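Here's a quick briefing to read alongside the model. Have a look at the fold below, then go through the points by topic.

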Amino acid sequence: MAGTTLRIASRRSQLAMVQTHWVRDELTKAHPDLEISIEAMATQGDKILDVALAKIGDKGLFTKELEAQMLLDRADIAVHSLKDLPTNLPEGLMLGCISEREDPADALVLHERHRGCSLATLPEGSVVGTSSLRRLAQLRHHFPHFQFKDVRGNVITRLEKLDSGDYDCLILAAAGLGRLGLGQRIDALIDPSISLHAVGQGALGIECRQGDSAVLELIKALEHTPTSRRCLAERAFLRQLEGGCQVPIGVNSRFEGEELVLTGMVASLDGLRLIRDEARGPQQDPEAIGLSLAHLLRSQGAGEILEEIFAEVRPEA
């Protein structure tokens, strides 16, 4: 970073740009003299659209190209949907701050022919679109009578596929729809008892170079401590289970008084086995809560389920 200039690396998808422009605008409010530039690019995950995400088998699908810009000193920060940011970062980079979270819930978006339905009242054999193994496993567990079909592309593309009749409904992140001004497309938020959300869902993570004190000082204006504590607990849980974003691991976090309560889930791809439990502790030590919950689920067989999934979805060497 030179003087009062900050360079941001971002994916070029519509949602990514909306999020990056929000970060730019908030930083400009906090630092009126700061000059900010944005370098937008396509990542591997944006380019490979004809293969299910889980089959690509890479935890940095939406982040590696942005991280390379920082390591080459062509960018100072990268803006990520936190749910896309791996829990183990490249050497020399760090998670600098976490912004205030939008609603992390999964959302049901129906084709117009099913308007007024809920997941519980959709007809048997309804085609549900999702690219997430986490959503797939949980919905298979609760609604084995549905058909499930992979759906790729950006949010607008997915909605167009729904509207053209390829699907009876889609399951999408409520936060993404809201940020794109498409909140009116949400027919219902899915209760956590049915679908625990992805780790970090609804929050933005700002990545930067390790120990870059000048940049850290600038971006701390975006830090939201309650969100950060919840997400750090969630990320510690995921890291301990050695899971990327393409495995059926779900979470929910909340505060009860001075305690942080973390609920976690691991499920088999067919939804037949689903292990779910919770851990709690002082909110000032969120990572300890995440680690405790990971050990709790491992003691109930989560490790065996994950090993089976890794063997099935990882591409051949």
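The side chains of R280 and E256 share a polar contact of 2.9 Å, meaning a pair of N or O atoms within 3.5 Å, one able to donate a hydrogen and the other to accept it, with sequence-adjacent residues counting only if both atoms are side-chain atoms. This is a predicted model, where local features need pLDDT of at least 70, side-chain atom pairs count only at pLDDT 80 or more, and totals for chains, interfaces and linings use all residues. Residues are numbered from 1 along each chain as its sequence is written, and side-chain values use heavy atoms, leaving out hydrogens and water.

**Around R280**
- R280 sits in strand β13 (residues 274-282); strands here are DSSP E runs of at least two residues, and helices are H or I runs of at least four, numbered from the N terminus.
- Its side chain also makes a polar contact with the side chain of E259, at 3.2 Å.
- R280 counts as partly exposed because its relative accessibility is 39%, between buried (under 20%) and exposed (over 50%), with a 1.4 Å probe and protein chains only.

**Strand β10**
- In β10 (residues 204-209), 6 of 6 residues are buried.
- β10 pairs antiparallel with β3 (residues 77-81) over 5 bridges, and pairing takes at least two DSSP bridges.
- A78 stands opposite E207 of β10.
- β4 (residues 93-98) and β10 are also antiparallel, over 5 bridges, with I98 partnered by G205.
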